[in-house]
Amino acid sequence: MPHDPRFGPDPDSLHPLPDHPRVTFIRNLDLPPNVEVGAYTYYDDPAGPQAFLEDLLYHFAFLGDRLRIGRFCAIAAGTRFLMNGGNHRLDAPSTYPFAIFGGAWAGRFPDETAFPNRGDTVIGHDVWLGHDATILPGVSIGTGAVVAAKTVVTRDVPPYAIVAGNPAVIVRMRVPPEVAERLLALAWWDWTPERITRCLRAISGGDVAALEGACS
């Protein structure tokens, strides 16, 4: 079905703002098979869309870990995702990864390549990742969260939290817990473009009660 411009930008467009090619709908890039990105999630970088791929660090398909990013996320320039391929062993006299260089340094003992693997990295929906944020492997950032510029996220972030610092700590919650639960139940990010467009005033300029009353 052709895109209808009455209901927002084309989610299948690589550059949704033609005059600003630095802004990219990420899911339309040539992503690796172990990366999943939802509709309307964008990356903004003066270096262009390739910079997003260059900042997916140590992401080797054979390890099996995935990067999953939800819908309607805003990802600023310099955001880096460190994946499990960058982990080193901490339970031996040396952290040096001898075996990866092969030859005489490989095949010396069982489990020589059993480097730590913390699993998938998961970013929820409607998450804002600020300039130069760094996301470490295996963390989950909940829907509605905000990660401040220069923040290093080393552990899970709850939905609708604002975190900052190195390592990241919760500065405050965007909304009270009961409101967060109501927003998660509404899940407006899963609505059709038509419904989202009709309810924009409540989504981006109102409150949860307006969203529930006018658009649920």
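This report describes strand pairing, salt bridges, aromatic contacts, a surface patch and cysteines in a predicted model.

Residues are numbered from 1 along each chain as its sequence is written, and side-chain values use heavy atoms, with hydrogens and water left out. Because the model is predicted, local features need pLDDT of at least 70 and side-chain atom pairs count only at pLDDT 80 or more, while totals for chains, interfaces and linings use all residues.

**Strands and sheets**

Strands are DSSP runs of E with at least two residues, numbered from the N terminus, and two of them pair if DSSP finds at least two bridges between them. Four strands form an open sheet with parallel pairing, in the order E2-E5-E8-E11. Strand E2 (35-37) and strand E11 (140-141) stand at the edges with a single partner strand each, so one side of each has no neighbour in the sheet. Within this sheet, E5 (residues 67-69) and E8 (residues 121-123) are paired in the parallel sense over three bridges. Ile69 has Ile123, in E8, as its bridge partner.

Strand E14 (residues 161-164) has two pairings to note. With E12 the pairing is parallel, over two bridges, and Val146 stands opposite Ile162 in E14. With strand E15 (residues 169-173) the pairing is antiparallel, over four bridges; here Ala164 has Val169, in E15, as its bridge partner. The hairpin of E14 and E15 has four residues between the strands, and in it Gly165 takes a positive phi near 100 degrees. In a regular strand, side chains alternate between the two faces of the sheet.

**Salt bridges**

A salt bridge is a side-chain nitrogen of Lys or Arg within 4 Å of a carboxyl oxygen of Asp or Glu. By a search of the whole structure, there are ten salt bridges. Three of them are listed here.

| Acidic residue | Basic residue | N to O distance |
|---|---|---|
| Asp4 | Arg6 | 2.6 Å |
| Asp132 | Arg80 | 3.6 Å |
| Asp132 | Lys150 | 2.7 Å |

Relative accessible area (1.4 Å probe, protein chains only) sorts residues into buried (under 20%), exposed (over 50%) and partly exposed (in between). In the pair of Arg6 and Asp4, Arg6 is exposed at 60%, whereas Asp4 is partly exposed at 25%.

Which parts of the chain does the bridge of Asp132 and Arg80 link? Asp132 lies in the loop between strand E9 (128-129) and strand E10 (134-135), and Arg80 lies in strand E7 (residues 80-82), 52 residues apart. Asp132 is buried, with a relative accessible area of 18%, and Arg80 is partly exposed at 32%. The bridge of Asp132 and Lys150 likewise links distant parts of the chain, with Lys150 in the loop between strand E12 (146-147) and strand E13 (152-153), 18 residues from Asp132. Lys150 counts as exposed, at 55% relative accessibility. Through shared partners, salt bridges join Asp55, Arg80, Asp132 and Lys150 into one network.

**Aromatic contacts and the nonpolar patch**

Rings of Phe, Tyr and Trp (its six-membered ring) pair if their centres lie within 6.5 Å; planes under 30 degrees apart count as stacked, over 60 as edge-to-face and the rest as tilted. By this rule there are twelve aromatic pairs. Tyr96 and Phe101 form a stacked pair, 5.9 Å centre to centre with 15 degrees between the planes. Tyr96 is partly exposed at 41% relative accessible area, and Phe101 is exposed at 52%. In contrast to that stacked geometry, Trp188 and Trp189 form an edge-to-face pair, 5.6 Å centre to centre with 70 degrees between the planes. Both residues are buried: Trp188 at 8% relative accessibility and Trp189 at 3%. Trp188 and Trp189 also belong to one aromatic cluster with Phe25, Tyr40 and Phe72.

Patches are made of residues with over 30% relative accessible area and no salt bridge, with like charges joined within 9 Å and nonpolar side chains (Val, Leu, Ile, Met, Phe, Trp, Tyr) within 5 Å. Accessible areas come from the Shrake-Rupley method with a 1.4 Å probe; for residues, only the protein chains shown count as cover. Tyr96, Phe98, Ile100, Phe101 and Trp105 form a nonpolar patch on the surface, with about 560 Å² of accessible area together. Phe101 is found in the loop between E7 and E8.

**Cysteines**

How many disulfides (pairs of cysteine sulfur atoms within 2.5 Å) does the model contain? The count is zero. For Cys73, the closest cysteine sulfur is in Cys199, 20 Å away, which is too far for a bond. Cys73 is buried, at 1% relative accessibility.

How values were computed: Disulfide = S-S within 2.5 Å.
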